[in-house]
Amino acid sequence: MYEFENLPDRRKSASSKWMVPEGVLPMWVADMDFPAAPQIIRAIRERLDHGVFGYDEVPDEWYDAYINWWDKRHGLKLNKEGLIFCTGVIPAVSSAVRKLTTPGEKILIQTPVYNIFFNSTVNNGCTALQSPLCFDGEAYSMDFDRLERDMSDPQVSLMILCNPQNPGGRIWKKEELAEVGRLAKKYSVIVFSDEIHCDIVRPGTEYVPFLSVSDECREVGIAAMAPTKAFNIAGLHTAAVYSENKTLRHKMWRALNTDEVAEPNSFACVAAIAAFNEGADWLDEMCAYVFENRRIAEEYIAANIPQIKAVHSDATYLLWLKMPRSGLQGDLKDKTGLYLSDGAVYGAGGEEFLRMNLGCSRQTLKDGLKRLSEYFNANKKA
Ligand SMILES: Cc1ncc(COP(=O)(O)O)c(C=O)c1O
């Protein structure tokens, strides 16, 4: 019913991803090539037609939209008092680092992970304590001995958790998150759980909100949520932070206001409300399309490029590709025009990987896979 095949030319829209020379195929930055759901576009158009764009408040409907979505979609009851609007998840991560840590302290980050967590850390005078996840050749898991050792470092005051995980696409299980919460409580570490990818899951699969897991998680946790990844509206800068812990909630409220990232532009709330209130069907279709892209990519790679391995996963539109060895893909872009993300930027354990964005039409996907195959098979023969 919705359109995922015939897509607008993004080169004409100052898109970060598509500002590349002709011939280059960008499958890197984590946004999708699909237009937003018609329901979101209609809501924005109505706001646009109003024609007055003075300062906006966060309306009650915005709180209701988050509360209803998390209740119906994820079985988590949010309360209005715990929710705070912010202009993005990364602005919130950076504000949390500034407010909840002191320069020189360490921030625990399980790797490989979304690289900007490192920027938020070092830009604010802290050090990233990289705590690698285990990869057994098929899937990721948490190394709890390692995690406990790292949590017990007296300089660690904050952990940034990625749930579900980008780039590996792991949906963390309840027991895993419970153990994170238990250790965090034991060592007085605050957990900032970035849940921006939570709505992009394999049909029939559910993510587990960190704050749904246990009293310990609710005590140590702050969650960041947003409609931006799942509904492809990242350019509208609209997100939320939530905590049940009144002290943490108060600190985040102060942090976001001090950093001036707690006020919406004229379209931020309108778009979020339309996404959560009216976008469920679009989202279901998008997930079905993207997970079919994933199936096609996994099968193609297994059949045509057996020297690399696609990590099977249940979340995100990002495909994490294990290379035979580190650095092999160094000239992929120069030789084929295919622009993927280099796994090394995602921290320890990412060096032998590439990340491929599957939030695209099937035609783009096939072009990307063909270029990947030509590159690896040419290299093999050389
Ligand atoms: C895990 C994760 N968190 C946050 C972001 C960015 O969030 P925002 O655009 O709301 O700052 C991304 C974007 O790729 C991401 O993958």
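Begin with the whole protein chain in cartoon view: this predicted model contains 12 helices and 15 strands. The radius of gyration is 20 Å, close to the 21 Å that the globule rule gives for 382 residues, so the chain is as compact as a globular protein of that length. The C-alpha trace spans about 60 × 55 × 35 Å along its principal axes. Colouring by burial marks 48% of the 382 residues as buried. Among contacts with a separation of 6 or more, 75% are made by residues 24 or more positions apart.

**The two domains**

Next, colour residues 10-36 together with 280-381 as domain 1, and residues 42-278 as domain 2. Domain 1 is thus assigned as two segments of the chain. Between the centres of the two domains, taken over C-alpha atoms, the distance is 25 Å. The contact draws 27 residues from domain 1 and 31 residues from domain 2. To view the domain 1 side of this contact, select α10 (280-304), β12 (318-322) and β15 (353-357), the elements that each give two or more residues to it. Of these, α10 provides the largest share, with 5 residues. By class, this side of domain 1 comprises 18 nonpolar, 6 polar and 3 charged residues.

**An open sheet**

Keep β12 and β15 selected and add β11 and β14. These 4 strands form an open sheet with antiparallel pairing, in the order β11-β12-β15-β14. The edge positions belong to β11 (309-310) and β14 (341-342); each has a single partner strand, so one side of each is left without a neighbour in the sheet. Between β12 and β15, which run antiparallel, there are 5 bridges. To locate one of them, display L318 and its bridge partner N357 in β15.

**Strands β2 and β10**

Move to strand β2, residues 83-86, and show its side chains. L83 and F85 point one way, I84 and C86 point the other way, and all are buried. Then add strand β10, residues 239-242, which runs antiparallel to β2 and is joined to it by 4 bridges. The pairing can be followed from F85, whose bridge partner in β10 is A240.

**The loop after β10**

From β10, continue to N245, in the loop that leads to α8 (246-258). Is N245 buried, exposed or partly exposed? The residue has 17 C-beta neighbours inside 10 Å and therefore counts as partly exposed. Select R218 and E219 as well: N245 touches both, leaving aside residues up to four places away in sequence. A distance label between the C-alpha atoms of N245 and G221 should read 7.5 Å, although 24 residues separate them in sequence.

**Helix α9**

Now select helix α9, residues 268-278. Since 9 of its 11 residues are buried, the helix is largely enclosed by the rest of the structure. Those buried residues are A268, C269, V270, A271, A272, I273, A274, A275 and F276. Which helices do they pack against? Displaying α1 (38-50) and α2 (60-74) shows the packing partners of the buried residues of α9.

**The ligand**

Finish at the ligand, and display the 14 residues around it. Those that come nearest are A30, G88, V89, I90 and Y114. Colouring the shell by class gives 9 nonpolar, 4 polar and 1 charged residues.

Notes
Residues numbered from 1 in each chain as written. Predicted model: local features only at pLDDT ≥ 70, side-chain atom pairs only at ≥ 80, totals over all residues. Near = placed C-beta within 6 Å. Nonpolar A, V, L, I, M, F, W, Y, C, P; charged D, E, K, R; others polar. Domains from an automatic or database assignment. Contact = placed C-beta atoms within 7 Å. Rg over C-alpha atoms; globule rule 2.2 N^0.38 Å. Buried ≥ 20, exposed ≤ 12 C-beta atoms within 10 Å, placed from the backbone. Pairing = 2+ DSSP bridges.
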